[in-house]
Structure formats: C-alpha cells, structure tokens
Amino acid sequence: MSEGVIFSDESGWDNENRYGAICTISGSRINLLELHKELELLIKSYNRNEIGFKKVKGGSSLNLAKDFINLGIKYIIHKKIKAHILVWDKQDKRHNIQNRCDIENLKRMYYKILKEVQNDWNYINNWSFYPDELTSVDWENDIVKYIKNTKYFNDSELFNTVSNFEFPTYKKTEERSSKVMYNIQLADLFAGIIRASRDKSKEFSQLLKSKSNNLYLFEEEKLILSKNLIPKLDLLHYFKTRCSENSLGINFSKNNYFDTFNKRNNIIIWHYYPKSELDVAPVRKKKLQ
C-alpha cells in the first residue's frame, strides 16, 4: 500500500492582503525525504537555516531561493513530486462580504486543495500531512475530520466535489516548523511567487517588457519599486525562465499572472473563482451576550 506525504504553507491569507495562496508539496515518503535532504544541504551551504519568499532581499538570499526553486523544478520534471498552488481573491464575489472570517475561509481553501492533491495521487491510500505552524488552525479537527465528514451532505455546488470521491486514510497530521522542514520552505517560495504574480502583476509585466525590449528597467512608466520588491521580481523571472526551459506549461501572458491549463506537468496552479451564488466565504460568528 503506497504511502504519501503532504507539506504545505500559505501566504497572504489574512485581511491585510488582497490575495491569499496555499502551496502543497506532495509525493511518496521516500521522494519527499530525499528532497528534504537535498534542500538541507543547499541551505547549509549558504550558512542559513531558513528561506521564504518574504526573506528574499537580494544577494545570497535570492541565490538560495533560486537554488531551492531549481531543485523543486528538478523533482517536478522527474515526476517525484507534485506542486499544487491555490490562489484566491478577497475582492471577488465569494469574499467581498461583511464580517468575512479569513481563518475559517482558509480552512475551506485547505479542504479544496487537499482534495485535489488526493485526487491527483489516486493510487496513494495512506497520507501524512505536515502543514507549517499556524496556531489558529486545529489541523486534525478543523481540516482532516472536516473533510471526512463532507460525505454526509451534498456539497457539489459549494465545494465542486469530485464524483464518488472517497478521502483516503490519514495516519498522521502534525504541525511542523519550517525551520527544520525544508519542504515547507519550498512550499512557501512557490506560494509567494504565484501570489506575487497577481499582487504585483503590473510591476512584473513591466519587468518582462523591459527585458524583452532591452530597455532600461521601468523606463516607460517610471514605476517606483522598493528595494525589497526588486529581488522578488527577479525570483519571479527566474521561475518563469526555468519553467519555460523545461516546458512546464506555466503561462503568464494570457491573464498577466502565472497559470497552468492542465495537470500533466505536475505543477498545478489554480486561481479560485466562485462556483455559484451559494459559494460564499464564511462569516464571523456573533458572540453571545
């Protein structure tokens, strides 16, 4: 019986950001352990213990992030892992409501992405799930049990369920610190890159235009960029270049953000859109007086 592992991290899910994102890195236990060890060697070669999208500030942090992404892409190409990235817009019809509860909505989004992971690894029957530490979520009770209980009601409109879907067994669900779980750091980078392609779409579009036309960066529109943003856009460009070189089907030009249109290349980007009038984000419960 096959055994799989899922690592995950999220970016921008709270009310301070327009876009939220979740990335899962999944595959067999043996392949995820191998990836963990290679990422560990990489990060120690830079005399660091952690890298994430927010920590990319140029110099060695940018080079380390590129090396992480390159190794992740290598594993994707060789079909050792799958990367699923889900992005949602908190100004769409689902989310633009009064008293929206972002933490409860995050749980729903985790439901959606984990279900897709399970469906795409349909020959794996046993899973362990290692999300990054987030004290606001009780992963076992809020996510895993919630998923198992969905078979008791009709959620075909609300959750767009797969026909006759049966959730596999979870033998372990445990929060882990990204500082010691390097696969979570890789998930953080992927989530940050895809979310930034929407949040900073205009800036990245200008970067691509300037490079293709051999113009001085942002000469035409005189966009003012912070020193903190420039290396992150550089990382987006590196990601796009490496994906193009390896024919991974990552598209930016159609929607002006990173997207994929099939699952065959093992990196799946899903920009969530409301399915119906019933598909509404959860709201905060009123406190009893």
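Asn-266 is where I shall begin. In this predicted model, Asn-266 counts as buried, because its relative accessibility is 5%, and buried means under 20%. The residue sits in the loop between helix α7 and strand β6, the latter covering residues 267–271. Its phi angle is near 70°, a positive value in a residue other than glycine.

A second asparagine may be set beside it. The phi of Asn-99 is near 60°, again a positive value in a residue that is not glycine. Asn-99 belongs to the loop between strand β3, residues 81–89, and helix α3. At 45% relative accessibility, however, Asn-99 counts as partly exposed.

Let me now turn to the chain as a whole. It has 289 residues, of which 52% count as buried. There are 7 helices and 6 strands. Read from the N terminus, the elements follow the order β-β-α-α-β-α-β-α-β-α-α-α-β. The chain exposes about 14600 Å², and carbon and sulfur atoms supply 46% of that area. Among contacts with a separation of 6 or more, 76% are between residues 24 or more positions apart.

I come next to the charged pairs. Side chains of opposite charge can pair when their charged atoms come close. How many salt bridges does the structure hold? The number is 12, and I shall describe several of them.

One of these joins Asp-234 to Lys-66, with the closest N and O atoms 3.5 Å apart. Asp-234 is in helix α7, residues 230–245, and Lys-66 is in helix α2, so this pair ties together parts that are 168 residues apart in sequence. As for accessibility, Asp-234 is partly exposed at 29%, whereas Lys-66 is buried, with a relative accessible area of 17%.

Helix α3 offers another pair. Glu-104 and Lys-107 meet through their side chains in a salt bridge, at 2.8 Å from N to O. Both residues lie in this helix, which spans residues 102–120, and they are separated by about one helical turn because they are 3 residues apart. Glu-104 is partly exposed, with a relative accessible area of 31%, while Lys-107 counts as buried at 10%.

Asp-102 also takes part in a salt bridge. Its partner is Arg-100, and the closest N and O atoms are 2.7 Å apart. Are these two residues buried or exposed? Asp-102 counts as buried, at 10% relative accessibility. Arg-100 likewise counts as buried, with a value of 10%. Beyond such pairs, Glu-116, Asp-120 and Lys-263 are linked in a network of salt bridges.

Positive charge also appears in a surface patch. Which residues form this positive patch? They are Arg-48, Lys-55, Lys-57 and Lys-179. Arg-48 is placed in the loop between α1, residues 29–45, and α2, residues 59–77. With a relative accessibility of 31%, Arg-48 counts as partly exposed.

I shall now consider two further lysines, beginning with Lys-200. This residue is in the loop that runs between α5, residues 182–199, and α6. It is partly exposed, at 27% relative accessibility. Which residues does Lys-200 contact, once neighbours within four places in sequence are left aside? The contacts are with Leu-229 and Leu-233. Lys-200 and Leu-229 are 29 residues apart along the chain, and their C-alpha atoms are separated by 9.2 Å.

The other is Lys-211, which lies in helix α6, residues 201–212. At 47% relative accessibility, Lys-211 counts as partly exposed. From C-alpha to C-alpha, Lys-211 and His-237 are 10.0 Å apart in space, although 26 residues apart in sequence.

Finally, I turn to a strand residue, Thr-173. It is found in strand β5, which covers residues 169–173. Why does Thr-173 count as buried? Its relative accessibility is 19%, and the cut-off for buried is under 20%. Not counting residues up to four places away in sequence, Thr-173 touches Phe-129, Trp-139, Glu-140 and Val-144.

To close, I return to the two asparagines. Asn-266 is buried at 5% relative accessibility, and Asn-99 is partly exposed at 45%. Each has a positive phi, near 70° for Asn-266 and near 60° for Asn-99.

Terms used
Residues are numbered from 1 along each chain as its sequence is written. This is a predicted model: local features need pLDDT of at least 70, side-chain atom pairs count only at pLDDT 80 or more; totals for chains, interfaces and linings use all residues. Side-chain values use heavy atoms; hydrogens and water are left out. Patches are made of residues with over 30% relative accessible area and no salt bridge: like charges are joined within 9 Å, nonpolar side chains (Val, Leu, Ile, Met, Phe, Trp, Tyr) within 5 Å. Accessible areas come from the Shrake-Rupley method with a 1.4 Å probe; for residues, only the protein chains shown count as cover. A salt bridge is a side-chain nitrogen of Lys or Arg within 4 Å of a carboxyl oxygen of Asp or Glu. Lys and Arg count as positive and Asp and Glu as negative; His and the chain ends are not counted. The place of a charge is taken as NZ of Lys, CZ of Arg, CG of Asp or CD of Glu. Helices (H or I, at least four residues) and strands (E, at least two) are DSSP runs, numbered from the N terminus. Buried means under 20% relative accessible area, exposed over 50%, partly exposed in between (1.4 Å probe, protein chains only). Contact means heavy atoms within 4.5 Å.
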